[in-house]
Protein chains: 2
Amino acid sequence: MPSCSWDRSLAVTTDIVIFTIRDRRLALLLVKRTEAPFQGEWALPGGFVGPDEGLKACATRALDEQTGMSGVYLEQLYTFGDPGRDPLQRVISIAYYALVPSDRLALRAPAEPQAVGWFALEQLPPLAFDHCEIVALAHHRLVSKLTYSTIAFQFMGEKFTLSELQAVHEIILAQRVDKRNFRKWALALEQIEPTGEERRDGKHRPAQLYRLKFPGRVEIIR
Amino acid sequence: MPSCSWDRSLAVTTDIVIFTIRDRRLALLLVKRTEAPFQGEWALPGGFVGPDEGLKACATRALDEQTGMSGVYLEQLYTFGDPGRDPLQRVISIAYYALVPSDRLALRAPAEPQAVGWFALEQLPPLAFDHCEIVALAHHRLVSKLTYSTIAFQFMGEKFTLSELQAVHEIILAQRVDKRNFRKWALALEQIEPTGEERRDGKHRPAQLYRLKFPGRVEIIR
DNA sequence: GCGATTAGTGTATAAAATACACTAATTTTA
DNA sequence: TAAAATTAGTGTATTTTATACACTAATCGC
């Protein structure tokens with residue numbers, strides 16, 4: 001079955017589930033579609049894969065063009081290609097997910113002006129295409145990776161406290177964790193180190209700041 | 001960047017890493033290419049995704065057409081799409097991996113006659129395209145899943161002994177495991193049950209035969 | 001200086017994983 | 001037909017890992 005049996009309407013795209021922690025909730029970024037199909041509805045950012053463009057490069061470019069973010073953690077998730085997932089043409093989409101530190105949520109005005117916004121995962125609007133399924137899979141992957149990798153560290157800014165790191169875990173797992181056990185676990189990984197500085201905010205004891213020893217690196221643990 | 005910027009040479013394919021246990025080794029199935037590029041070289045089986053064909057359906061069809069096998073465990077692995085991975089056209093390939101029970105290795109004469117054969121993973125010939133990378137990733141995924149799922153059960157025939165199941169684990173992990181601990185682990189999963197029959201072979205005590213309670217089902221454990 | 005608030009620390013218990021050696025049943029051979 | 005050879009089958013003790021749990025420390029605002 002050679003490729004020439006295709007008419008011109010085959011397309012390959014990437015879709016990106018961009019997670020962050022916002023207002024103590026797991027949130028993701030959506031864009032409002034400006035074209036058919038699903039015009040005016042919310043969808044995952046993404047774009048068509050260019051003729052000489054790698055898949056991850058396409059996701060990186062879409063991320064930059066539509067949100068102004070770059071240098072964030074980005075990993076391939078799954079490929080969706082059911083015929084009929086786009087009513088107008090056959091689209092095969094390689095889904096990625098990205099994790100954005102809380103200190104980099106500022107959205108640059110996008111190249112193609114369009115509505116862009118952060119939504120709490122628990123309060124998403126209806127999504128175009130099969131994007132709801134993609135989000136569900138990405139969420140599942142994230143929760144699962146939390147328990148056997150250092151992926152959550154990618155949500156942290158350059159400097160962070162152990163309490164902040166713990167809060168990120170609690171938000172993603174949607175359950176409280178024991179403070180002493182968490183700190184034991186986090187420090188035993190040998191992936192973070194104290195900066196020597198402290199963070200003071202509020203009327204309480206200041207907290208030691210930590211940084212990643214290997215920014216951008218995600219270790220498989222256990 | 002709309003899809004019409006593509007010329008006709010975009011293609012989407014699936015490639016399948018078909019694992020089995022053969023001669024007490026982890027082995028996989030390769031086909032000899034009959035067309036350019038890489039004509040005459042060994043490659044993973046696979047095929048072009050049809051205009052109205054789902055991705056998994058494409059992999060299933062390729063598996064059937066090129067090897068005569070059907071009904072085996074099949075899971076999406078990763079999508080490879082570097083420009084230049086095929087020298088003649090832009091090809092984006094969704095890789096799958098399949099696990100074949102040892103009692104189903106008979107290869108039907110393929111629809112399009114071509115050389116097909118099983119190769120020990122440790123003694124693969126040079127492979128076409130980036131298939132070596134695909135195999136490496138599939139192998140990594142398999143080893144990794146072994147420790148947190150019941151995936152190895154998919155290598156077993158309809159009836160099997162605990163020693164045979166243990167051997168499969170030892171072959172994939174490339175290390176011996178303790179017999180008593182392994183049996184404790186395997187039985188505690190509650191995924192297998194005795195058939196009541198015994199297997200006699202050789203001059204030794206016969207072994208209890210077991211079967212899967214839920215054939216085709218892979219449980220995440222731990 | 002006292003109240004409020006969050007940061008920071010250790011130990012005891014429970015659960016899980018690991019290490020380890022003999023008896024049982026069968027076939028072959030002497 | 002008894003002994004040798006071979007693989008099947010079984011339990012317990014030890015180590016490691018995970019969990020549960022409560023108080024002191026430092027700062028800010030009043």
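In this predicted model, Pro37(A) turns up in the loop that runs between β2 (25-32) and β3 (42-43) of chain A. The peptide bond leading into this proline from Ala36(A) is cis, with omega near -5°. Chain B has a cis bond as well, from Ala36(B) to Pro37(B), with omega near -5°. Pro37(B) sits in the loop between β2 (25-32) and β3 (42-43) of chain B.

Another backbone feature concerns Asp23(A), found in the loop between β1 (11-22) and β2 of chain A. Its phi is near 55°, a positive value in a residue other than glycine. Asp23(A) has a relative accessible area of 65%, so it counts as exposed. As for chain B, Asp23(B) also has a phi near 55°, again positive in a residue other than glycine, and lies in the loop between β1 (11-22) and β2 of chain B. With a relative accessible area of 66%, Asp23(B) is exposed.

Stepping back to the whole of chain A, there are four helices and nine strands. Read from the N terminus, these elements follow the order β-β-β-β-α-β-β-β-α-α-α-β-β. The C-alpha trace of chain A spans about 65 × 35 × 30 Å along its principal axes, and 50% of the 222 residues in chain A are buried.

Helix α3 of chain B, residues 162-173, gives a closer view of one element. From its first C-alpha to its last, this 12-residue helix reaches 16 Å, close to the 16 Å expected at 1.5 Å a residue. Much of α3(B) is tucked away, with nine of its 12 residues buried. The buried set takes in Leu162(B), Leu165(B), Gln166(B), Ala167(B), Val168(B), His169(B), Glu170(B), Ile171(B) and Ile172(B).

Over in chain A, Arg176(A) belongs to the loop between α3 (162-173) and α4. Arg176(A) counts as exposed because its relative accessibility is 71%, over the 50% cut-off. The side chain of Arg176(A) nonetheless makes a polar contact of 3.2 Å with that of Glu170(A). The C-alpha atom of Arg176(A) is also 8.9 Å from that of Gln166(A), 10 residues away along the chain.

Turning to the DNA, strand C has 23 residues around it, and those that come nearest are Lys179(A), Arg183(A), His204(A), Gln208(A) and Lys203(B). Of the atoms of strand C that come within 4 Å of the protein, 43% are accounted for by sugar and phosphate. One backbone approach comes from Arg183(A), which has a polar side-chain atom 2.5 Å from a phosphate oxygen of strand C. The bases of strand C are approached from chain B: a polar side-chain atom of Arg180(B) lies 3.1 Å from a base nitrogen, and one of Lys184(B) lies 3.4 Å from a base oxygen. At least two residues each of the surface near strand C come from α4 (179-188) and β9 (207-212) of chain A and from α4 (179-188) of chain B. The largest share belongs to α4(A), with five residues. By class, this surface holds 13 charged, seven polar and three nonpolar residues.

DNA strand D likewise has 23 residues around it, and here the ones that come nearest are Lys203(A), Lys179(B), Arg183(B), His204(B) and Gln208(B). Sugar or phosphate makes up 45% of the strand D atoms within 4 Å of the protein, and bases the rest. Backbone atoms of the protein feature here. A backbone N or O atom of Arg205(A) is 3.0 Å from a base nitrogen of strand D, while one of Lys203(B) is 3.0 Å from a base oxygen. A polar backbone atom of Gln208(B) lies 2.7 Å from a phosphate oxygen of strand D. Two or more residues of the surface near strand D are supplied by each of α4 of chain A and α4 and β9 (207-212) of chain B. With five residues, α4(B) gives the most. The surface near strand D divides into 13 charged, seven polar and three nonpolar residues.

Finally, the largest pocket has a volume of about 1800 Å³. It is lined by 41 residues, of which Arg141(A), Tyr148(A), Arg141(B), Lys145(B) and Tyr148(B) are the closest to its centre. Elements giving two or more residues to the lining are β5 (73-80) and α2 (131-148) of chain A, together with α1 (55-67), β5 (73-80) and α2 (131-148) of chain B. The lining of this pocket comprises 17 nonpolar, 13 charged and 11 polar residues.

Technical notes. Residues are numbered from 1 along each chain as its sequence is written. Chains are lettered from A and ligands numbered from 1 in the order in which they are written. This is a predicted model: local features need pLDDT of at least 70, side-chain atom pairs count only at pLDDT 80 or more; totals for chains, interfaces and linings use all residues. Side-chain values use heavy atoms; hydrogens and water are left out. A residue is near a molecule or strand if one of its heavy atoms lies within 4 Å of it. A polar contact is a pair of N or O atoms within 3.5 Å; within protein, one must be able to donate a hydrogen and the other to accept it, and residues adjacent in sequence count only if both atoms are side-chain atoms. Ala, Val, Leu, Ile, Met, Phe, Trp, Tyr, Cys and Pro count as nonpolar, Asp, Glu, Lys and Arg as charged, and the others, Gly among them, as polar. On a 1 Å grid over the protein atoms alone, a cavity is a set of points where a 1.4 Å probe fits but cannot get out, and a pocket is an open set with protein on both sides within 12 Å along at least five of seven lines; lining residues have an atom within 4 Å of a point. Grid points are joined across faces, edges and corners, and a volume is the space filled by probe spheres set on the points. Buried means under 20% relative accessible area, exposed over 50%, partly exposed in between (1.4 Å probe, protein chains only). The expected span of a helix is 1.5 Å times one less than its number of residues.
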